[in-house]
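Reader: I'm new to this one and would like to know how its labels are earned. Could you show it to me and take my questions?

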Amino acid sequence: MEETTTVPFKNLHSREYQGHKKKGKAKDIELKGHTDSVDQLCWDPKHADLIATASGDKTVRLWDARSGKCSQQAELSGENINITYKPDGTHIAVGNRDDELTILDVRKFKAIHKRKFGYEVNEIAWNMTGDMFFLTTGNGTVEVLSYPSLRAVDTLMAHTAGCYCIAIDPLGRYFAVGSADSLVSLWDISEMLCVRTFTKLDVSWSYDSLSLGGVENLLLVLRWPVRTISFNHTGEYIASASEDLFIDISNVQTGRSVHQIPCRAAMNSVEWNPKYNLLAYAGDDKNKYQADEGVFRIFGFESA
């Protein structure tokens, strides 16, 4: 992979998209409308200003990130937890808590196919050519299906614990799988072979300037299941998140962390924009009444 110009992540910040005006200066942008948590989101691969969200309120919504308005909405049969676009932008796949897969026609925003699986299905994804469909499972496998027939092609024994998330390299070379074993595996998509397994979210906090009971340079390392991952549009960076209060951005080639975005809650979904270094993210944010806020944010805007 050729090295590209380093992105100045430290000079970028998150924005809130408000559906209604409010007083005061906003640092984030929030898009409000769901009545339950937003469990996953994905950018329209052909229209970089549109983003789709899946929520526990049984709806799928399409948003304009510029105006903050919801332009389309579909109500499905269950609590939605996973969502992904077909790379050509024609279909959206949605998974719910009952392990049911629904394919939506984007133009009509209507369901055109449903299928229920007999095992735990987590994140889902198409390959870049749209002829293969991937399911991550609670059995630690990645199920490879042909598309549109959804016939089984292969079963990959990917991890020793449940596979929670999957991301496709936009250049079509790799896919990455995040697991409950705190690891991310990188796979050659043409050979279906694992080429690298590395630890993500080995969480380290260093208090170099603090004295805590006389102890300085305190280093605390924790491990959490990897809940969500995403490649940026150049394939150079991968974002990952879990139950920690930050999102990690790492260089794919070196595996080194280059930036961390602070969060207020555990993250359910991170997703890079298909054209720009804008990262949308959604988590378990609560309001003052401890109810789900149903919002998401976008990181990557230049500071004022």
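Reader: What makes Phe-9, Tyr-237 and Trp-272 a cluster?

Author: Ring pairs link Phe-9, Tyr-237 and Trp-272. Rings of Phe, Tyr and Trp (its six-membered ring) pair if their centres lie within 6.5 Å; planes under 30 degrees apart count as stacked, over 60 as edge-to-face and the rest as tilted. By this rule there are nine aromatic pairs.

Reader: Why is the pair of Phe-117 and Tyr-119 called tilted?

Author: The centres of Phe-117 and Tyr-119 are 5.7 Å apart, with 45° between the planes. That angle is neither under 30 nor over 60 degrees, so the pair falls into "the rest", tilted.

Reader: And what makes Trp-126 and Tyr-147 edge-to-face?

Author: Their planes stand at 85°, with the ring centres 5.2 Å apart. The angle is over 60 degrees and the distance is within 6.5 Å, so the pair is edge-to-face. Trp-126 sits in strand β10 (residues 121–126), while Tyr-147 is in the loop between β12 (141–146) and β13 (152–157), 21 residues apart. Strands (E, at least two residues) are DSSP runs, numbered from the N terminus.

Reader: Which of these four residues are buried and which partly exposed?

Author: Buried means under 20% relative accessible area, exposed over 50%, partly exposed in between (1.4 Å probe, protein chains only). Trp-126 has 3%, Phe-117 has 7% and Tyr-147 has 12%, so these three are buried. Tyr-119, at 26%, is partly exposed because that value lies between the two limits.

Reader: How do you know whether Asn-273 is buried or exposed?

Author: Asn-273 has 0% relative accessibility, so it counts as buried. Asn-273 lies in the loop between β24 (267–272) and β25 (279–283). Leaving aside neighbours within four places in sequence, Asn-273 is in contact (heavy atoms within 4.5 Å) with Trp-43, Ala-48, His-233 and Leu-278. A polar atom of its side chain also lies 2.8 Å from the backbone nitrogen of Lys-275.

Reader: What do these values rest on?

Author: This is a predicted model, where local features need pLDDT of at least 70 and side-chain atom pairs count only at pLDDT 80 or more, while totals for chains, interfaces and linings use all residues. Residues are numbered from 1 along each chain as its sequence is written, and side-chain values use heavy atoms, leaving out hydrogens and water.

Reader: How confident is the predictor in the protein?

Author: The mean pLDDT (the predictor's confidence in each residue, from 0 to 100) is 83, and 81% of the residues reach 70 or more. Over residues 18–29, pLDDT is below 50. Where pLDDT is low, the predicted coordinates should not be read in detail.

Conventions. Helices (H or I, at least four residues) and strands (E, at least two) are DSSP runs, numbered from the N terminus. A polar contact is a pair of N or O atoms within 3.5 Å; within protein, one must be able to donate a hydrogen and the other to accept it, and residues adjacent in sequence count only if both atoms are side-chain atoms.
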